[in-house]
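User: Hi! Could you walk me through this structure?
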Amino acid sequence: MAEDLGRRIAALEKRLDAIVKDQNKVNQKTYDNVMGTIQAQNKVNQKAYDHITKLEKRLDAIVKDQNKVNQKTYDNVMGTIQAQNKVNQKAYDHITQLEKRFAKLEKKR
């Protein structure tokens, strides 16, 4: 009976060792798959990050160029307004002189 129990225990230990060995293989394959997936995802993420960085640089360049265009437009508009103001001031001064002359002529009448 003790001999039979010893054999049964030994058989169970062998079965348990085989199960543990198989489970370790499964765990290793799962680990390898997960690590492969993580590495692949890291590559994808790096490419996405690099692409985003390139887009940010392009956007910065576009904004910089647009700011230059906007500044030139602003300068042109301000120059036009200042020139128009001068013309308007001259016209106002001329009208004022004409009104004074007209007033003097009215008095003489």
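**A chat about the chain**

Analyst: Happy to! Keep in mind that this is a predicted model.

User: Sure. How many helices and strands are there in the chain?

Analyst: The chain has one helix and zero strands. That helix, H1, covers residues 2–108.

User: And is the chain compact or spread out?

Analyst: It is more spread out than a compact globule, because its radius of gyration is 46 Å, well over the 13 Å that the globule rule gives for 109 residues. Along the principal axes, the C-alpha atoms fill a box of roughly 155 × 25 × 10 Å.

User: What percentage of the residues count as buried, then?

Analyst: Of the 109 residues, 0% count as buried. The accessible surface of the chain is about 10,700 Å², with 58% of that belonging to carbon and sulfur atoms.

User: Switching to charge: how many positive and negative side chains are there?

Analyst: There are 23 positive and 14 negative side chains, and the centres of these two sets lie 15 Å apart.

User: Which residues gather in a patch of positive charge?

Analyst: Lys100, Lys104, Lys107 and Lys108 do, on the surface. Lys107 is part of helix H1, and it counts as exposed because its relative accessibility is 74%, where the cut-off is over 50%.

User: Nice. Which residues form a nonpolar patch on the surface?

Analyst: That one is formed by Met1, Leu5 and Ile9, which together have about 360 Å² of accessible area.

User: Why does Leu5 count as partly exposed?

Analyst: Leu5, which also sits in helix H1, has 42% relative accessibility, so it counts as partly exposed.

Terms used
Residues numbered from 1 in each chain as written. Predicted model: local features only at pLDDT ≥ 70, side-chain atom pairs only at ≥ 80, totals over all residues. Heavy atoms only, no water. Patch = residues over 30% accessible without salt bridge, like charges linked within 9 Å, V, L, I, M, F, W, Y side chains within 5 Å. Areas by Shrake-Rupley, 256 points an atom, 1.4 Å probe, with all protein chains shown as cover. Salt bridge = Lys/Arg side-chain N within 4 Å of Asp/Glu carboxyl O. Lys, Arg positive; Asp, Glu negative; His and termini not counted. Charge placed at Lys NZ, Arg CZ, Asp CG, Glu CD. Helix = DSSP H or I, 4+ residues; strand = E, 2+ residues; numbered from the N terminus. Buried < 20%, exposed > 50% of the residue type's maximum accessible area, 1.4 Å probe, protein only. Rg over C-alpha atoms; globule rule 2.2 N^0.38 Å.
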